[in-house]
Amino acid sequence: MMESAPDLTVDELAARAGVTVRTIRFYSTRGLLPPPEIGPRRVGRYGPDHLSRLALIEELQHQGLTLSAIERYLAQLPPDLSAQDLAIHRALVASWLPDQAEDATRDQLERRVGRELTEEDLDRLAAMNVLVRTEDPRVFRVDPGLLHLGARLLDVPIALETILAARTVVIEHTRSAARELSRLFKDEVWEPYRDGGADAAEVARVKSLSAHMQPMVVQALVTAFQRSMKEELREWLGAGERDGREGRADREGRDADDGRRGG
């Protein structure tokens with residue numbers, strides 16, 4: 001999906017990100033945000049990468065990092081990361097944190113995403129696990145980190161049924177992977193250690209190991225998935241190009257035969 005051009009003023013960026021203009025200017029002076037593109041009348045324009053970086057900064061703060069630590073973290077990231085790449089980093093940071101769902105009204109949602117949301121839009125966001133409808137039809141439980149990514153996907157021409165089918169595939173396979181990884185840890189690490197007569201303190205240490213492994217496992221899964229998707233896309237696009245070349249060759253061959261018969 002193509003990145004949209006920077007078209008947000010600093011006030012619009014603040015509203016979409018749920019922060020103040022003063023915070024954005026402060027982050028900019030600390031180098032946490034790249035400078036905006038300067039448009040007509042010397043007005044700074046911000047885009048999806050700024051939104052994704054603000055979401056990442058927020059997650060790092062939830063993790064307990066100081067601004068200096070966040071500066072060091074962001075300085076290690078490649079400078080040409082897209083909004084999607086930053087969203088993946090944000091997901092990896094958030095994967096071992098408690099759920100950060102927030103309540104929001106429809107008006108608040110529309111201010112955050114910068115667009116009017118139809119009932120179909122809300123259904124699509126619910127299918128992507130971005131939000132959950134509550135007993136109060138005016139209020140939704142929202143994952144703020146997924147909201148901007150989900151809003152961008154609203155413009156992708158994918159049917160709701162396809163999103164739900166994709167969600168089912170992801171849930172089934174991730175649950176299967178979680179079961180298998182848990183079984184491996186239980187069989188290979190936990191039970192032999194427990195049966196070895198370790199004291200309570202050592203048992204507690206091994207239990208905590210499983211929690212500390214979660215970020216590494218999540219990153220390994222994301223990396224493996226990205227590589228698999230690239231391989232699938234290369235094979236799919238490559239097959240399409242081959243079919244296109246063969247189709248052109250067939251047409252050219254038929255045209256040549258027609259030309260010879262006509263002559």
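User: How many aromatic pairs does the count come to in this structure?

Analyst: This is a predicted model, in which local features need pLDDT of at least 70 and side-chain atom pairs count only at pLDDT 80 or more, while totals for chains, interfaces and linings use all residues. Residues are numbered from 1 along each chain as its sequence is written, and side-chain values use heavy atoms, with hydrogens and water left out. Rings of Phe, Tyr and Trp (its six-membered ring) pair if their centres lie within 6.5 Å, with planes under 30 degrees apart counted as stacked, over 60 as edge-to-face and the rest as tilted. By this rule the count comes to one aromatic pair.

User: Is the pair of phenylalanine 26 and tyrosine 27 stacked, edge-to-face or tilted?

Analyst: Phenylalanine 26 is partly exposed at a relative accessible area of 37%, whereas tyrosine 27 is buried at 8%; buried means under 20% relative accessible area, exposed over 50% and partly exposed in between (1.4 Å probe, protein chains only). The ring centres of phenylalanine 26 and tyrosine 27 are 6.3 Å apart and their planes stand at 45°, so the pair is tilted.

User: Which helix do the buried residues of H4 pack against?

Analyst: Helices (H or I, at least four residues) and strands (E, at least two) are DSSP runs, numbered from the N terminus. In helix H4 (residues 67-75) the residues Ala69, Ile70 and Leu74 are buried, and seen down the axis of H4 the buried residues fall within an arc of 135° (taken from the directions from the helix axis to the C-beta atoms), so they line one face of the helix. The face turned away from that buried side carries the exposed residues Arg72 and Ala75. With contact meaning heavy atoms within 4.5 Å, the buried residues of H4 pack against helix H3 (48-62).

User: Which element gives the most to the largest nonpolar core?

Analyst: A nonpolar core is a set of buried Ala, Val, Leu, Ile, Met, Phe, Trp, Tyr and Cys residues joined through side-chain atoms within 4.5 Å. The largest one has 20 residues, and those with the most contacts inside it are Leu13, Ile24, Leu54 and Leu74. Helix H1 (10-17), helix H2 (21-29), H3 and H4 are the elements that give two or more residues to this core. The element that gives the most, with five residues, is H3.

User: How many residues are in the second, separate core?

Analyst: Leaving aside neighbours within four places in sequence, isoleucine 24 is in contact with Val10, Leu13, Ala14, Val19, Leu33 and Leu54. The second, separate core includes Val113, Leu131, Val142 and Ala151, and its size is 13 residues.

User: How far apart in sequence are glutamate 71 and arginine 30?

Analyst: A salt bridge is a side-chain nitrogen of Lys or Arg within 4 Å of a carboxyl oxygen of Asp or Glu, and a search of the whole structure finds ten of them. One of these joins glutamate 71 to arginine 30, with the closest N and O atoms 2.4 Å apart. Glutamate 71 lies in helix H4 and arginine 30 in the loop between H2 and strand S1 (37-38), so that the pair links distant parts of the chain, at a separation of 41 residues.

User: Which residues are linked with Arg106 in a network of salt bridges?

Analyst: Arginine 106 forms a salt bridge with glutamate 119, the closest N and O atoms being 2.6 Å apart. Arginine 106 lies in helix H6 and glutamate 119 in helix H7 (residues 119-127), so the pair ties together parts that are 13 residues apart in sequence. Arginine 106 is partly exposed at 27% relative accessibility, as is glutamate 119 at 43%. The residues linked with Arg106 in the network are Glu110, Glu119, Asp123 and Arg133.

User: What is the nearest side chain of opposite charge to arginine 112?

Analyst: Arginine 112 is found in helix H6 (residues 106-113), and, not counting residues up to four places away in sequence, its contacts include Ala15, Pro144 and His148. For charge, Lys and Arg count as positive and Asp and Glu as negative, while His and the chain ends are not counted. Arginine 112 is buried yet has no salt bridge, and the nearest side chain of opposite charge, 4.2 Å away, is glutamate 102.

User: Where does arginine 41 lie?

Analyst: Phi of arginine 41 is near 60°, a positive value in a residue other than glycine. Arginine 41 counts as exposed, at 81% relative accessibility, and its place is the loop between S1 and strand S2 (44-45).
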